[in-house]
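Reader: Hello! Could you take me through one part of this model closely, a place where two elements pack together, and then show me how the surroundings fit in?

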Amino acid sequence: MQTVNGLPAHVLLVHAIVVLLPLSAAVLALTALWSAARRRLAGPNAVLSLLVVVLVPITTSAGEWLEHRLSPNPLIHRHAELGDTAIYAAIGVALMAVVLWWRQRESTGRTPATRTFLAPTSNALTSTLTVVAVLVSAAAVYDVVRIGDSGAKASWNNWAARP
């Protein structure tokens, strides 16, 4: 998918990433910090974060297609380089979301009693996972802002000087 209704697909798909990746990161932090939210939102956030992992390569592929059709520009090249880091942020959020969801399942007895891989009763592991989840969430949001800023600069550079 390179175009949608005559528009570059990247221009449309990027909006999904800009909304869904920070949303998933925010819900990850919330579920890590608040057990009531974890009980209700850990599963849906695991699904959402995995969806984002699927959408990121589609979006970056569409962006690379668009980059090759534009005149060479260092701002666009920089944006494309930064855009390639989004998959790492998305994978980090998804991995932590799945871990928190699985621990929630184990702690509520939704898995067989002998399957407690992630030690749902360990306070030390809970604290460690909470800190890691919050850091991963913050890094993902920062990455999206950094990528988006570079894309905005590439798109709107010198726009006021144009007739």
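Author: Gladly. In this predicted model, helix 4 and helix 5 are roughly antiparallel to each other, because their packing angle is about 150° and angles over 145 degrees count as roughly antiparallel. Their axes lie 9 Å apart, and helix 4 passes helix 5 in a left-handed crossing.

On the helix 4 side, the contact is made by Ala86, Ala89, Gly92, Val93, Met96, Val99, Leu100 and Arg103. Helix 5 answers with Leu125, Thr126, Leu129, Val132, Ala133, Val136, Ala140, Asp143 and Ile147. By character, the residues of this contact divide into 13 nonpolar, two polar and two charged.

Some of these names come back when you turn to the largest nonpolar core, which has 25 residues. The members that touch the most others are Leu21, Leu28, Val52, Val56, Val93, Leu100 and Ala133. Val93 and Leu100 belong to the helix 4 side of the contact described above, and Ala133 to the helix 5 side. At least two residues of the core come from each of helix 1 (9–33), helix 2 (35–67), helix 4 (86–107) and helix 5 (123–156). Helix 4 gives the largest share, nine residues.

Leu28 is a good residue to click on next. Leaving aside neighbours within four places in sequence, Leu28 is in contact with Val93, Met96, Ala97 and Leu100, with Ala133, Val136 and Ser137, and also with Asn45. Val93, Met96, Leu100, Ala133 and Val136 in that list also take part in the contact of helix 4 with helix 5.

Helix 4 holds a polar residue worth a look too: Gln104. Gln104 is buried, because its relative accessible area of 11% is under the 20% cut-off. Beyond residues up to four places away in sequence, Gln104 touches Arg38 and Arg39.

For contrast, try Asn5, in the loop between strand 1 (3–4) and strand 2 (7–8). Asn5 is exposed, with a relative accessible area of 80%. Its phi is near 55°, a positive value in a residue other than glycine.

Stepping back to the whole chain, there are five helices and two strands, running β-β-α-α-α-α-α from the N terminus. Of the 163 residues, 37% are buried. Among contacts between residues at least 6 apart in sequence, 71% join residues at least 24 apart.

Technical notes:
Residues are numbered from 1 along each chain as its sequence is written. This is a predicted model: local features need pLDDT of at least 70, side-chain atom pairs count only at pLDDT 80 or more; totals for chains, interfaces and linings use all residues. Side-chain values use heavy atoms; hydrogens and water are left out. Helices (H or I, at least four residues) and strands (E, at least two) are DSSP runs, numbered from the N terminus. Buried means under 20% relative accessible area, exposed over 50%, partly exposed in between (1.4 Å probe, protein chains only). A nonpolar core is a set of buried Ala, Val, Leu, Ile, Met, Phe, Trp, Tyr and Cys residues joined through side-chain atoms within 4.5 Å. Contact means heavy atoms within 4.5 Å. Axes are lines fitted to C-alpha atoms, for helices over the stretch in contact, and angles run from 0 to 180 degrees between N-to-C directions. Angles under 35 degrees count as roughly parallel, over 145 as roughly antiparallel, 65 to 115 as roughly perpendicular and the rest as oblique. A crossing is left-handed if the near helix is turned anticlockwise from the far one by less than a right angle, and right-handed if clockwise. Ala, Val, Leu, Ile, Met, Phe, Trp, Tyr, Cys and Pro count as nonpolar, Asp, Glu, Lys and Arg as charged, and the others, Gly among them, as polar.
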